[in-house]
Amino acid sequence: MIKVAIVGGSGYVGNILLKILLNHKYVDVKIVTSTSQQGKKVCEVFPEIDSELVLSKFNYKDINKMDVVFLAVPHGKAKSIVPKLKCKIIDITSDHRLTEIYGLPEIFGNKIRGSKFIANPGCYATACILSTYPIQDLIKYTVFDCISGYSGGGRIAKYDYQENIIAYKLSKHYQIKELSNILNFNFSFTPHIVNTFSGLMCTAHIFLKNKIKLTEIKNQYKKYYKNSFTKIIENIPSTKNDVVNTPYCNIGGFELDKNNQLVIVSVIDNLYKGAATQAIENMNLMFKLDHKEGLKHFSVKLSK
Ligand SMILES: NC(=O)c1ccc[n+]([C@@H]2O[C@H](COP(=O)([O-])OP(=O)(O)OC[C@H]3O[C@@H](n4cnc5c(N)ncnc54)[C@H](OP(=O)(O)O)[C@@H]3O)[C@@H](O)[C@H]2O)c1
């Protein structure tokens, strides 16, 4: 059994990690840390999770007895924790995304397999990269227009999202750096928040270098994402009908306009494929398991 610690277990991402990992047949969740909920049982803090495990204070001695630790703490907090860790690490914060193996299994599965330290991608970056990577050599420029549910910002709300639509960090969002690190074309990226709990949509407006048939484009995507949690669909996906509460990324739309501009829509659940389930895919690969282990009970939803 893989001995697991979750640091930041009382947060949104920690909650989903716990729910799924407690039912993973090769995992034994031994430690869940929290400052605010320290000493309480998991089933008290999360009544929907049937576990007597007690949320504890972070300490290196116990965590270093584990096989792997998930860091689901706020940005900037993982940097100071990592140097003294001796077990495998899956960092869900943005702290190591430019320096460590980038945990996007569809693209870097071979590098992730057997590795010791993975930086889990950002939620916006996951949707943007998956929507363009298979054809990136054909792309001149892309405008990524992204919308997220408010859980993307964690438990403590930073914006007034009630009855509201918010654009923020118009051209300077921190995930632009990780996008630039992976993608080989120029792009613009703007995030928005809407008044829905979870779900993230990326509409990619792609300016192509040359004319190419839509069927060829779709076939490239289908071939690239074979056997993964990314599905190419015929319709325009929506968050609720396609991916909320699942580990899937659904990509559809695929319309070419008269200016040879391709419009593709990708959707994920920011807390699942954008964080927790992608981290579990990474853990599976790090321990040389099938990347879908513990996630096979989720079925793909295909919007009609
Ligand atoms: N939400 C998303 O959609 C999403 C997507 C991708 C990546 N991420 C990343 O995943 C991480 C967790 O996100 P989240 O949405 O779960 O955030 P969250 O709901 O705010 O939870 C953060 C957790 O960190 C703990 N924490 C707070 N300050 C800490 C500190 N100084 N040291 C150690 N632990 C601390 C909190 O618990 P206590 O206060 O009880 O200690 C809480 O359990 C963040 O880095 C976030 O950027 C989130």
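In this predicted model, a backbone N or O atom of Gly11 lies 2.9 Å from an oxygen atom of the ligand. Two side chains also take part in polar contacts with the ligand: a polar side-chain atom of Ser34 is placed 2.6 Å from a ligand oxygen atom, and an N or O atom in the side chain of His75 is found 3.0 Å from an oxygen atom of the ligand. The ligand is surrounded by 26 residues, of which Ser10, Ser34, Thr35, Ser36 and Val73 come nearest.

Strands of a sheet pair through backbone hydrogen bonds, in either a parallel or an antiparallel manner. Here, six strands form an open sheet with parallel pairing, and their order is S2-S1-S3-S4-S6-S5. The edges are formed by strand S2 (27-33) and by S5, each of which pairs on one side only. Strand S1 (residues 2-7) is joined to S2 by six bridges in the parallel sense, and within this pair Val4 stands opposite Val29 of S2. Helix H1 (residues 12-21) packs on the sheet, where it touches S1, S2 and strand S3 (68-71), and its direction makes about 160° with that of S1.

A further packing arrangement involves helix H7 (residues 175-182), whose buried residues are Gln175, Ile176, Glu178, Leu179 and Ile182. These residues lie on the same side of H7, because they cover an arc of only 165° around the axis. The buried residues of H7 pack against two strands and two helices, namely strand S5 (101-102), strand S9 (186-194), helix H5 (105-112) and helix H6 (123-132).

Note on methods
Residues numbered from 1 in each chain as written. Predicted model: local features only at pLDDT ≥ 70, side-chain atom pairs only at ≥ 80, totals over all residues. Heavy atoms only, no water. Buried < 20%, exposed > 50% of the residue type's maximum accessible area, 1.4 Å probe, protein only. Helix = DSSP H or I, 4+ residues; strand = E, 2+ residues; numbered from the N terminus. Arc of directions from axis to C-beta. Contact = heavy atoms within 4.5 Å. Pairing = 2+ DSSP bridges. Axes fitted to C-alpha atoms, helices over the stretch in contact; angles between N-to-C directions. Near = heavy atom within 4 Å. Polar contact = N/O pair within 3.5 Å; in protein donor to acceptor, adjacent residues only side chain to side chain.
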